[in-house]
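This report concerns the packing of two helices and the backbone of selected loop residues. The structure under discussion is shown below.

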Amino acid sequence: MYAISMQWSDEAIILGVRRHGESSVIAELMTAGHGRHLGLVRSGRSRAMQPVLQPGNSVEVTWRARLDEHLGEFRVEPQQLRAGRLMEAATSVYGIQALGALLRLLPERDPHPHLYEALAVIVDHLHDPADAGELFVRFELAVLNDLGFGLDLSECAATGSRDELVYVSPKSGRAVSRDAGAPYADRMLAMPEFLSGGQKAADHDSLAAAFRLTAHFLNRHVYEPRGIDASSARDGFVQATLKALRPVPPSAA
């Protein structure tokens with residue numbers, strides 16, 4: 001009788017590791033073609049492997065197991081080691097943890113190649129608060145969409161207009177124009193201009209509104225129904241981002 005084994009190779013980004021036994025670790029990766037995937041890395045706690053198996057690093061990985069449903073083993077080769085740079089800014093430290101927490105909302109081994117591509121872009125911009133904030137919000141919207149709770153921000157839910165979209169309905173997740181939403185303004189969520197097709201770049205106030213927007217729908221559709229709390233890393237990322245972008249008051253005369 002011949003042993004049957006499963007094997008594939010892919011590119012991936014490290015999300016985290018946990019100890020397993022005296023010298024090994026179980027690594028959690030976001031792969032390009034195989035989704036979020038776990039596997040055993042033998043000698044993963046060695047001096048050679050510890051710098052490689054840090055969150056945010058890009059690697060080439062080969063996974064092998066006797067059966068597809070087994071945990072399996074990873075063979076990991078470094079490609080781009082970002083972890084040292086990611087430790088230099090609070091937005092990076094919290095950001096990579098918060099991104100991992102978002103990806104854990106998705107089923108393991110469920111392919112999401114567009115999220116992998118987005119993750120690869122974001123990890124290279126986490127040091128810049130404005131870019132990191134905007135990319136993170138768009139990533140949250142993409143995760144919501146993949147979970148089946150996508151927002152429709154393209155046109156007004158009441159009129160079909162694509163102009164002056166300044167509100168989002170907290171119930172339907174659809175955009176609402178200024179005129180249509182005016183009677184209900186106190187019950188609406190603000191639409192950040194950078195999400196409505198405007199050319200204005202994200203700033204402190206628009207990002208604060210965007211973080212409130214995505215938090216509302218994540219809480220309503222994901223965290224509360226599952227009986228779980230949002231990642232504390234998200235709070236850290238939001239606070240670090242907004243602190244870095246807070247307008248500096250003019251000096252007193």
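In this predicted model, helix H4 contacts helix H6 through Pro 129, Ala 130, Gly 133, Glu 134, Phe 136, Val 137, Glu 140, Leu 141 and Leu 144. The partners contributed by H6 are Leu 207, Ala 210, Phe 211, Thr 214, Phe 217, Leu 218 and Val 222. Sorted by class, this contact comprises 12 nonpolar, 2 polar and 2 charged residues.

Two packed helices are described by the angle between their axes and the distance between the axes. For H4 and H6, the latter spanning residues 204-226, the axes come within 10 Å and cross at roughly 25°. Because angles under 35 degrees count as roughly parallel, H4 and H6 are roughly parallel to each other. The crossing of H4 past H6 is left-handed.

Two loop residues with positive phi are considered next. Arg 109 is placed in the loop between helix H2 (90-103) and helix H3 (113-122). Glu 164 is found in the loop between helix H4 (129-146) and strand E6 (165-168). Neither Arg 109 nor Glu 164 is a glycine, yet each has a positive phi, as tabulated here.

| Residue | Phi | Relative accessible area |
|---|---|---|
| Arg 109 | near 70° | 25% |
| Glu 164 | about 50° | 48% |

Are these residues buried or exposed? Arg 109 is partly exposed, because its relative accessible area is 25% and the partly exposed class lies between under 20% for buried and over 50% for exposed. Glu 164, at 48% relative accessibility, therefore also counts as partly exposed.

Definitions and conventions:
Residues numbered from 1 in each chain as written. Predicted model: local features only at pLDDT ≥ 70, side-chain atom pairs only at ≥ 80, totals over all residues. Heavy atoms only, no water. Helix = DSSP H or I, 4+ residues; strand = E, 2+ residues; numbered from the N terminus. Buried < 20%, exposed > 50% of the residue type's maximum accessible area, 1.4 Å probe, protein only. Axes fitted to C-alpha atoms, helices over the stretch in contact; angles between N-to-C directions. Parallel < 35°, antiparallel > 145°, perpendicular 65-115°, else oblique. Left-handed = near helix turned anticlockwise from the far one by under 90°. Contact = heavy atoms within 4.5 Å. Nonpolar A, V, L, I, M, F, W, Y, C, P; charged D, E, K, R; others polar.
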